[in-house]
Amino acid sequence: MGIVNVTPDSFSDGGLFLSQNNAFKQAKQLIAEGADIIDIGGESTRPGAEPVSVQEELDRVIPLVEKIRAEFSVSISVDTSKSLVMREAIAAGVDIINDVMALTGEDSIAAVAASDTVKVCLMHMQGEPRTMQKNPKYDNVIEDIKAFLLMRTQACINAGITSNRIIIDPGFGFGKTVVHNLLLMKNLQVFSQLGYPVLVGISRKSFIGNILNKQVTERLYGSLALAVLAISKGASIIRTHDVAATVDALKMTDAVLN
Ligand code: 9MG
């Protein structure tokens, strides 16, 4: 899954693809590099990020979805927590709603349930982006997140979203310390054994910078190591800024494992 952030303030590529033209060029480039899915975001979810209005998010995301849909057969995902953006994105033909709030926002379960085909990625986050990195705490990080994801998958199924449309994500970096993130990766098989595809987003994240003492532009090798580990522990989708390098790393992983 290649990332296209149409935002001024995302942690790694904020501001780079704010114009529709640049965002489309970036999507085209990631598709050429081998992305199966393009994930489009119109509101930053980085720690400390401020929310944007519904209209602003719609204006950033929907025209880009329509342009990609018209020209490519790639799967399109929209990273949003707003039910109105979900509805418009589904009408524009997206394949996946990627919600870092796991459809806990007002009316968002209904927005996804109203479609009978769109998939949903339910991600775990402790707190909210503005404050989530202020002293996150768990009784048992693996068991707490597993319980949350099982509770949200059941809520979706109860709302009419069939289980084959659900993807789960433990939410690396979202209300987690460095140690929490490492424990999640070490125990990732716990999540892949739940019976849903697992999406992992570790690309260039700050816990990699913390361990390697590297700036955001220098975290590719650390990100690749984690992508390979995630796949070997059963993950199905890797969300990344660096598609070409990740595709090579995962093809080699797949050649060995399968
Ligand atoms: C939008 N976004 C940023 N990081 C993410 C992650 O780790 N997973 C998912 N599903 N979305 C993310």
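User: What makes the approach of a ligand oxygen atom to Gly201 a polar contact?

Analyst: In this predicted model, an oxygen atom of the ligand is 3.2 Å from a polar backbone atom of Gly201. A polar contact is a pair of N or O atoms within 3.5 Å, so the value for Gly201 meets the cut-off.

User: How do you know that the side chains of Lys205 and Asp169 make polar contacts with the ligand too?

Analyst: An N or O atom in the side chain of Lys205 is 2.7 Å from an oxygen atom of the ligand, and an N or O atom in the side chain of Asp169 is 2.5 Å from a nitrogen atom of the ligand. Both values are within 3.5 Å, and therefore both pairs count as polar contacts. The residues surrounding the ligand include Asp169, Gly201 and Lys205, as well as Val100 and Phe174.

User: Why is Met125 called buried?

Analyst: Met125 has 12% relative accessibility, and buried means under 20%, so Met125 counts as buried. Met125 belongs to the loop between strand E5 (119-123) and helix H5 (141-158). Leaving aside neighbours within four places in sequence, Met125 is in contact with Val100, Met101, Met132, Phe174 and Lys176. Val100 is 25 residues apart from Met125 in sequence, with 6.7 Å between their C-alpha atoms.

User: How do you know that the buried residues of helix H3 line one face of the helix?

Analyst: The buried residues of H3 (residues 83-91) are Ser83, Val85, Met86, Ala89 and Ile90. Viewed down the axis of H3, these buried residues fall within an arc of 155°, and so they line one face. They pack against helix H2 (54-71), strand E3 (75-79), strand E4 (96-99) and helix H4 (108-113). Just after H3, Gly93 takes a positive phi of about 100°.

User: Why is strand E3 described as largely enclosed by the rest of the structure?

Analyst: Of the 5 residues of E3, 4 are buried, and this is why the strand is described as largely enclosed by the rest of the structure.

User: What makes E3 a paired partner of both E2 and E4?

Analyst: Strands pair if there are at least two bridges between them, and E2 (residues 37-41) is joined to E3 by 5 bridges, in parallel. One of the bridge partners is Ile76 in E3, which pairs with Ile38. The path of the chain from E2 through H2 to E3 is a right-handed β-α-β crossover. E3 and E4 also pair in the parallel sense, over 3 bridges, with Ser77 opposite Ile96 in E4. The chain crosses from E3 to E4 through H3, again in a right-handed β-α-β crossover.

Methods. Residues are numbered from 1 along each chain as its sequence is written. This is a predicted model: local features need pLDDT of at least 70, side-chain atom pairs count only at pLDDT 80 or more; totals for chains, interfaces and linings use all residues. Side-chain values use heavy atoms; hydrogens and water are left out. Buried means under 20% relative accessible area, exposed over 50%, partly exposed in between (1.4 Å probe, protein chains only). The arc is that of the directions from the helix axis to the C-beta atoms. Contact means heavy atoms within 4.5 Å. A crossover is right-handed if, with the strands pointing away from the viewer, the path from the first strand over the helix to the second runs clockwise. A residue is near a molecule or strand if one of its heavy atoms lies within 4 Å of it. A polar contact is a pair of N or O atoms within 3.5 Å; within protein, one must be able to donate a hydrogen and the other to accept it, and residues adjacent in sequence count only if both atoms are side-chain atoms.
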